Amino acid sequence: MRSTKEISHFDTIISNGQVFNVTDKQYFNGDIGIVDGIIVEIGNNLDASQADDFIDAKGNLILPGFVDFHTHCYWGGTALGINPSKVGPATGVTTFVDLGSTGAGNFEGFNEHVIKLSSVSIYAFLNLSYIGLSSIGDTEARFGELFDDRLMDVHSINKAISRYRDIIKGIKIRLGPSTSGKNGYFALNIATQLASELNLPLVVHATSPPPFLDEILGALKSGDVFTHCFNQDPFLRIVGANGSIKPAVLDARARGVLFDVGHGVSCFSYEMAKICLDNGFPPDIISSDLHAYNINGPVFDLPTTLSKFIALGMSTEDVFYRATLAPAKAIGMDHVIGSLEQDKRADIVIARWSERKQEMWDSHQLSMKSEHLNIVATFSAGTRLQPYTDERTEAKWKPGIPVMYRKSEPTL
């Protein structure tokens, strides 16, 4: 894997760690050389004297920067928003994918005030609703963003995507009585048509019907994503009453539909995940659905979510793949991020597993124990990110949501 070029000087060398080759799902002891934010050499025994900064990663993993496919990071713009520049360095997430926090009416603010200023990369799926998720929060004025069909402003969506095509990677809808109300079927039809016309993926959040699971999956095309795939709702869970994967789910995967974890406050069940894994049906993408109402439990962060799948018996290689290269492919950015390869952006995480197992909860107050993935250092485009010093808390609490802790203190 050594470069064919003769490199005389590096900005940074990360040396002597267990490098994860995500493409082959294998580890090897090696070094990474970085110049101008790009990985220019991967090999062994790179010369420390040739680098401005030499980092000895002995005893640690060297991983691609994590790509958290399902987050909400319109910090300050919606009640859900967490600060990606604060969360990223502490959790190894170098790319956040915001799923539908904004619609065509407020994406410009998200881009100007968060995306452009962030120390990590942010891409977005645009909400079908013109207002995005601005109606969500600790308020008695509860209404779904698609209750009014006038908010499905296709003309404005086309304009926004045309202007921000390098950032907006798809369309997002939330379906159900509390989100789309009576407009669920109409919204699904509009969203699938729009995504097809724009040649973009559609992500569907559905945690209670209508529409029902078979109807949703039947409408999705290859590359579309069904998130919250380990949801426990009896009508929308992907496991049948007999404990096997539902036929519509198998058909959808065969067509190329992707299944994303999207842990969230109430959408991740150890029981559902274990049944699916036992049936040979792992998720395509492992994501957190991190936002202000779950960052202090039960989600905490993406490394905690990954650790839960280790507790469920998945291999570290499979878990890391589903939080790096798999989501990078899903947003069409695997040529830039998602793996440690020559000429790719130097988004890198140095991490290690905890020595002792910790208790971790799902969304239904069930717990399992696993080693926890601890982040040692995070590099975004070759720059080592420093801990954020802003003392403002990320967390908010909605009435009725239980407080769930893990045994070690959360990082944020």
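**Close-up views of strand pairing in a predicted model**

**View 1. An open sheet of seven strands.** In this predicted model, seven strands line up as E6-E7-E8-E9-E10-E11-E12 in an open sheet, with parallel pairing. Strand E6 (66-71) and strand E12 (258-259) are the edge strands. Each of these two pairs on one side only. Strands of a sheet pair through backbone hydrogen bonds, either parallel or antiparallel.

**View 2. The E12 edge.** Strand E11 (residues 225-226) runs parallel to E12 and is joined to E12 by two bridges. Phe226 has Phe259 in E12 as its bridge partner.

**View 3. Helix H1 on the sheet.** Helix H1 spans residues 84-91. H1 lies across E6, strand E7 (93-99) and strand E8 (121-127). The angle between H1 and E7 is about 135 degrees.

**View 4. Strand E5 and its partners E1 and E13.** Strand E1 (residues 10-21) and strand E5 (residues 61-64) run parallel, joined by two bridges. Here Gln18 is opposite Leu61 of E5. E5 also pairs with strand E13 (residues 348-353), this time in the antiparallel sense, over four bridges. In that pairing, Leu63 stands opposite Val349 of E13.

**View 5. The hairpin of E14 and E15.** Strand E14 (residues 358-361) and strand E15 (residues 367-370) run antiparallel. Four bridges join them. Trp361 faces its opposite residue, Ser367, in E15. Five residues lie between the strands of this hairpin. Gln365 takes a positive phi there, near 65 degrees.

Terms used: Residues numbered from 1 in each chain as written. Predicted model: local features only at pLDDT ≥ 70, side-chain atom pairs only at ≥ 80, totals over all residues. Heavy atoms only, no water. Pairing = 2+ DSSP bridges. Contact = heavy atoms within 4.5 Å. Axes fitted to C-alpha atoms, helices over the stretch in contact; angles between N-to-C directions.
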